[in-house]
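Please open the structure in your viewer and keep the selection tool at hand. The tour visits the ligand and then an enclosed space within the protein.

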Amino acid sequence: MRYNAAPMEGLTDRVWRQTHQHIFGGADRYYAPFISPPENRIPVKKKMDELLPEANPGVPVIPQLLGKDGSCAAWMIGVLRQMGYTEVNLNFGCPSGTVTAKGKGAGMLRDLEALDRFLDTVFEEAGGPISVKTRIGVDKPEEFQAILEVYNRYPLAELIIHPRVMRQLYRGQADRDTFAAALPACHFPVCYNGDITTPQDFAALEAAWPGLSGLMAGRGLIADPALFRRARGGAPASKEELRAYLDGLYTGYTAAFGSAPAAISRMKAFWHECIGLFEGTEKLEKQLKKLREPWEYEVTVNQIFTLPLRR
Ligand SMILES: Cc1cc2nc3c(=O)[nH]c(=O)nc-3n(C[C@H](O)[C@H](O)[C@H](O)COP(=O)(O)O)c2cc1C
């Protein structure tokens, strides 16, 4: 079973993918955060730079598209294939209001005829392999049966199911009962995604659904970058590894953004998720939130690294 790193806009970009794979041995696949195919069909350089093969050496990346115009998505898949990618993932899961208001992401699940037309055009004009990452509905999980009927009309390379509805955003729990009930009706490999945070979760899910093609983790992997290794029976992250990882991210973002304050702001997002790896961080968490200057960041990180790791 593959262990896949979830796409997370603002976190799992090329700097993170490189650093994570280098220090922690990596995921079987890294799904890149979505890019929107531009209507004028001129690729946006900054977005494409993220996916350049030379910016992702040795990392198994699957690009993801977020769009609602099938022809435009098919064109973009062609561009990605010219860059050397084969499988491309389609996003029908993003719940953000600005995305769904335009009928994209999980907003695509509101109109299943439009979803069907979109997939029909994409498969007709671009061909496979194409996978889909989906939520189970807009308002209620009962919608998933009809959504699945649409997906089953196409030869999806894989269906990644995040069993929450759009309205839930990331609240509540992933609905594993609805996921389990839908599994027998899926005509393609299925990857489960949602609230996987411990090695025990991996073991339980693999035992429950041995036929899955993969398990995908997002927030759990940012909170513990050694999660996949631990799930395979390996060691938890050592302090030295965490130091190399977090310093590597900071250096990488400082170079990528050309600005230490921008890198610090990005690092705060990582620290917010992973500071729980250390014990007794309450005071330093507050300090981390407030700081702005590179020297303050470096001092605070040094202080955090004097604390013991939680075991
Ligand atoms: C900050 C953030 C950014 C995300 N960006 C994307 C994205 O670009 N594409 C996507 O399909 N899902 C995106 N997601 C959803 C995750 O891929 C994943 O489905 C979700 O976090 C649930 O998995 P988890 O419980 O393992 O975190 C994002 C989630 C978060 C919290």
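Begin by selecting the ligand and its surroundings: 17 residues surround the ligand (a residue is near a molecule if one of its heavy atoms lies within 4 Å of it). The closest are Pro7, Asn193, Asp195, Gly218 and Arg219. This is a predicted model, in which local features need pLDDT of at least 70 and side-chain atom pairs count only at pLDDT 80 or more, while totals for chains, interfaces and linings use all residues. Residues are numbered from 1 along each chain as its sequence is written, and side-chain values use heavy atoms, with hydrogens and water left out.

Next, select Pro7, where a backbone N or O atom lies 2.7 Å from an oxygen atom of the ligand. At Gln64, a polar side-chain atom lies 2.8 Å from an oxygen atom of the ligand. At Gly218, a polar backbone atom is 2.8 Å from an oxygen atom of the ligand. Of the 610 Å² of accessible area that the ligand has on its own, the protein covers 87% (Shrake-Rupley method, 1.4 Å probe).

Now turn to the enclosed space. The largest cavity has a volume of about 30 Å³ (a cavity is a set of points on a 1 Å grid over the protein atoms alone where a 1.4 Å probe fits but cannot get out; lining residues have an atom within 4 Å of a point). Select its lining: Leu65, Leu66, Gly67, Ala73, Leu90, Asn91, Phe92 and Phe118. Finally, highlight strand β4 (residues 88-92), which gives the most to this lining, with 3 residues (strands are DSSP runs of E, at least two residues, numbered from the N terminus).

Conventions. A polar contact is a pair of N or O atoms within 3.5 Å; within protein, one must be able to donate a hydrogen and the other to accept it, and residues adjacent in sequence count only if both atoms are side-chain atoms. On a 1 Å grid over the protein atoms alone, a cavity is a set of points where a 1.4 Å probe fits but cannot get out, and a pocket is an open set with protein on both sides within 12 Å along at least five of seven lines; lining residues have an atom within 4 Å of a point. Grid points are joined across faces, edges and corners, and a volume is the space filled by probe spheres set on the points. Helices (H or I, at least four residues) and strands (E, at least two) are DSSP runs, numbered from the N terminus.
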